[in-house]
Amino acid sequence: MDWRGAQLQETLELVEYDKLGSAELAEVRMQALELEKRAHEKSKEVYSRTSPWESKGLQMRLSIKFKTRDVLAATGAIVLALLAACATWQSSAPVVSTVVAETSGGPSPEVIVYASDLPSEALVELDFINDSASPNGKLIGLPNNGDELDPPPENDPHVTFNVHVQSMVPYRCLIHMKVGTAKGRSTANVVWVQFSDSVDRASQAVFRTGTNSYLTAQGSEQQGWKWVRCEATGSETLEALVYFQTTSGGEITVRLQAGAEGVGFDQFILSPAKFLNAPPSEPIVEK
């Protein structure tokens, strides 16, 4: 329960364990004291019922081996530091938190990635192309030589990047695609999508990188920009919504593979709410 009386619940996952030495432990104590001091100054209404910690009770013990009570003291210091930091953040700009969004009953955050957000090393046989209609003037694409591209698990031109998602929340995948000029065997309007940790609603692995399971974003034959939904093709039993069973703090890897030469894209969305049932109406979605 938080300070407003609202019921909260969250799950913490231990991802790393480090044993602190006495010098490091002392440094943690000193930082906790500084945070706690600032919290008393900036949020008096929160900390008015408690007295500031006394530094004399937290002297550095650099010459002796720390004992169990030192570990407990450090744990308390870390917790207090986190509480103090939270109190300080409330008085400044809001911080986006997936935990807050989930526990308050609101929708999970939208995942919006611009092509211009990605580093060049994330691209394999693809290139950045200047386009004034794209966010920050960049899209990702490849020339059209009229050749045919193969679907996954074949390793044709692609880009990979990481995003953070909520566990077991249904997401809709959308791509802002620039349909190119058809040539030879290329329709210039297809992108294939795969993920890490992706499952269906029954928690069965689907659309995983390195497999022949994928989502297909296929634009129209008309040239130009289109918001295109990612659909499950090749199976009547699969739905297009994707879920994630994350094992690394909510971070997953997205892989976009060109399905046709001449295709381009400048925005990628994983939407759990706003665009779950309908694509964006605007050409550029604001973050």
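Two strands count as paired when DSSP finds at least two bridges between them. With that in mind, we can walk through this predicted model, starting with the way its strands are laid side by side.

**Overall make-up**

The chain contains four helices and 13 strands. Of its 287 residues, 41% count as buried. Contacts reach far along the sequence: among those between residues at least 6 apart, 74% join residues at least 24 apart.

**Strand pairing**

Val191 is a handy place to begin, since it has a bridge partner in two strands. On one side, Val191 stands opposite Ala217 in E9; in E12, the partner of Val191 is Ala258. The pairings around these strands are listed here.

| Strand | Partner strand | Sense | Bridges | An example of a bridge pair |
|---|---|---|---|---|
| E7 (residues 190-195) | E9 (residues 215-218) | antiparallel | four | Val191 and Ala217 |
| E9 (residues 215-218) | E10 (residues 224-232) | antiparallel | three | Thr216 and Glu231 |
| E5 (residues 158-164) | E12 (residues 251-258) | antiparallel | seven | Val163 and Ile252 |
| E7 (residues 190-195) | E12 (residues 251-258) | antiparallel | five | Val191 and Ala258 |

How do E9 and E10 connect along the chain? A hairpin of five residues joins E9 to E10. Strand E12, for its part, pairs with E5 and with E7. Six of the eight residues of E12 are buried, so this strand is largely enclosed by the rest of the structure.

**The disulfide**

How many disulfides does the model have? The count comes to one. This disulfide links Cys173 and Cys230, with an S to S distance of 2.2 Å. Cys173 belongs to strand E6 (residues 172-179) and Cys230 to strand E10, so the pair ties together parts that are 57 residues apart in sequence. Are these cysteines buried or exposed? Cys173 has 0% relative accessibility and counts as buried, because the cut-off for buried is under 20%. Cys230 is buried as well, with a relative accessible area of 0%. E10 therefore holds one end of this link, and E10 also pairs with E9.

**Thr209 and its surroundings**

Now for a residue outside the strands. Thr209 sits in the loop between strand E8 (198-199) and E9. At 42% relative accessibility, Thr209 is partly exposed, because this value falls between the 20% and 50% cut-offs. Which residues does Thr209 touch, leaving aside those up to four places away in sequence? They are Gln194, Phe195, Ser196 and Arg255. Thr209 and Thr253 are separated by 44 residues in sequence, while their C-alpha atoms are 8.8 Å apart in space.

**Cavities**

Searching the whole structure turns up two cavities of 30 Å³ or more. The largest holds about 50 Å³ of space. Its lining consists of Val113, Tyr114, Ala115, Leu118, Ile140, Phe161, Leu256, Phe265, Asp266, Gln267 and Phe268. Sorted by class, that lining has nine nonpolar residues, one polar and one charged.

Which strand gives the most to this lining? E13 does, with four residues. Strand E1 (111-114) and strand E13 (264-271) each supply at least two residues of the lining.

Note on methods. Residues are numbered from 1 along each chain as its sequence is written. This is a predicted model: local features need pLDDT of at least 70, side-chain atom pairs count only at pLDDT 80 or more; totals for chains, interfaces and linings use all residues. Side-chain values use heavy atoms; hydrogens and water are left out. On a 1 Å grid over the protein atoms alone, a cavity is a set of points where a 1.4 Å probe fits but cannot get out, and a pocket is an open set with protein on both sides within 12 Å along at least five of seven lines; lining residues have an atom within 4 Å of a point. Grid points are joined across faces, edges and corners, and a volume is the space filled by probe spheres set on the points. Ala, Val, Leu, Ile, Met, Phe, Trp, Tyr, Cys and Pro count as nonpolar, Asp, Glu, Lys and Arg as charged, and the others, Gly among them, as polar. A disulfide is a pair of cysteine sulfur atoms within 2.5 Å. Buried means under 20% relative accessible area, exposed over 50%, partly exposed in between (1.4 Å probe, protein chains only). Contact means heavy atoms within 4.5 Å.
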